[in-house]
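This report considers side-chain contacts, taking cysteines, aromatic rings and charged pairs in turn.

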Amino acid sequence: MDIREIMKVLPHRPPFLLIDRILSCVPGEKVVALKNVTYNEEFFRGHYPEYPVMPGVLIVEALAQAGGYGILCMPENKDKTPFFGGMNNVKFRKQVVPGDTLRLEVTIEKLRRSFGKGKGMAYVGEDLVCEAELTFMLG
């Protein structure tokens, strides 16, 4: 799915939409998405202009948006809004810099009516750059 299809499902909009493409999606189970990291991103103006590094919290947010896509594309969740419920065991392993392409893989481990948990892994190439356990609620 390209950006137009993504925006039909996710409520996020630029500059806070952090997913550029969905490579695969099994609704309610697993999503693989891409984020192209470019120097034109607003956050690089202040983080850090001399040594641009994508903020870790935005990598986790990109994972959450990918997981949100996998939940919101289910017919019963259409037009709901995903919210963070929590994040655990977040680990940053490498820096993400302009020119990188983040591959975001999120597996939904538990899903109830308005609550769920997932495991997110972000890669640049074959290198794991971030992993996190994500908890979310649907509003």
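A disulfide is a pair of cysteine sulfur atoms within 2.5 Å. In this predicted model, the number of disulfides is zero. The sulfur of cysteine 25 has its closest cysteine sulfur in cysteine 73, at 3.6 Å, which is too far for a bond because the cut-off is 2.5 Å. Cysteine 25 is partly exposed, with a relative accessibility of 23%, whereas cysteine 130 is buried, at 0%.

**Aromatic pairs**

Two aromatic pairs are counted. In one of them, tyrosine 39 and phenylalanine 44 are stacked, because their ring centres lie 6.1 Å apart and their planes meet at 10°, below the limit of 30 degrees for stacking. Phenylalanine 43 and phenylalanine 44 also form a pair; here the centres are 4.6 Å apart and the angle between the planes is 55°, a tilted arrangement. Through these ring pairs Tyr39, Phe43 and Phe44 are linked into a cluster.

How buried or exposed are the members of this cluster? Tyrosine 39 is partly exposed, with a relative accessible area of 48%. Phenylalanine 44 is buried at 1% relative accessibility, and phenylalanine 43 is buried at 19%, a value that falls under the 20% limit for buried residues.

**Salt bridges**

The count of salt bridges comes to eight. The table lists some of them, including the distance between the closest nitrogen and oxygen atoms.

| Basic residue | Acidic residue | N to O distance |
|---|---|---|
| Arginine 4 | Aspartate 2 | 2.6 Å |
| Lysine 8 | Glutamate 5 | 3.2 Å |
| Lysine 35 | Glutamate 41 | 2.7 Å |

In the bridge between arginine 4 and aspartate 2, arginine 4 is exposed, with a relative accessible area of 57%, while aspartate 2 is partly exposed, at 21%.

Why are glutamate 5 and lysine 8 separated by about one helical turn? Both residues belong to helix α1, which covers residues 3-9, and they are three residues apart in it. Glutamate 5 is partly exposed at 34% relative accessible area, and lysine 8 is exposed at 59%.

The bridge between lysine 35 and glutamate 41 has two buried partners, lysine 35 and glutamate 41. Elsewhere, Arg93, Lys119 and Glu131 are joined into one network by salt bridges that share partners.

Terms used
Residues are numbered from 1 along each chain as its sequence is written. This is a predicted model: local features need pLDDT of at least 70, side-chain atom pairs count only at pLDDT 80 or more; totals for chains, interfaces and linings use all residues. Side-chain values use heavy atoms; hydrogens and water are left out. Buried means under 20% relative accessible area, exposed over 50%, partly exposed in between (1.4 Å probe, protein chains only). Rings of Phe, Tyr and Trp (its six-membered ring) pair if their centres lie within 6.5 Å; planes under 30 degrees apart count as stacked, over 60 as edge-to-face and the rest as tilted. A salt bridge is a side-chain nitrogen of Lys or Arg within 4 Å of a carboxyl oxygen of Asp or Glu. Helices (H or I, at least four residues) and strands (E, at least two) are DSSP runs, numbered from the N terminus.
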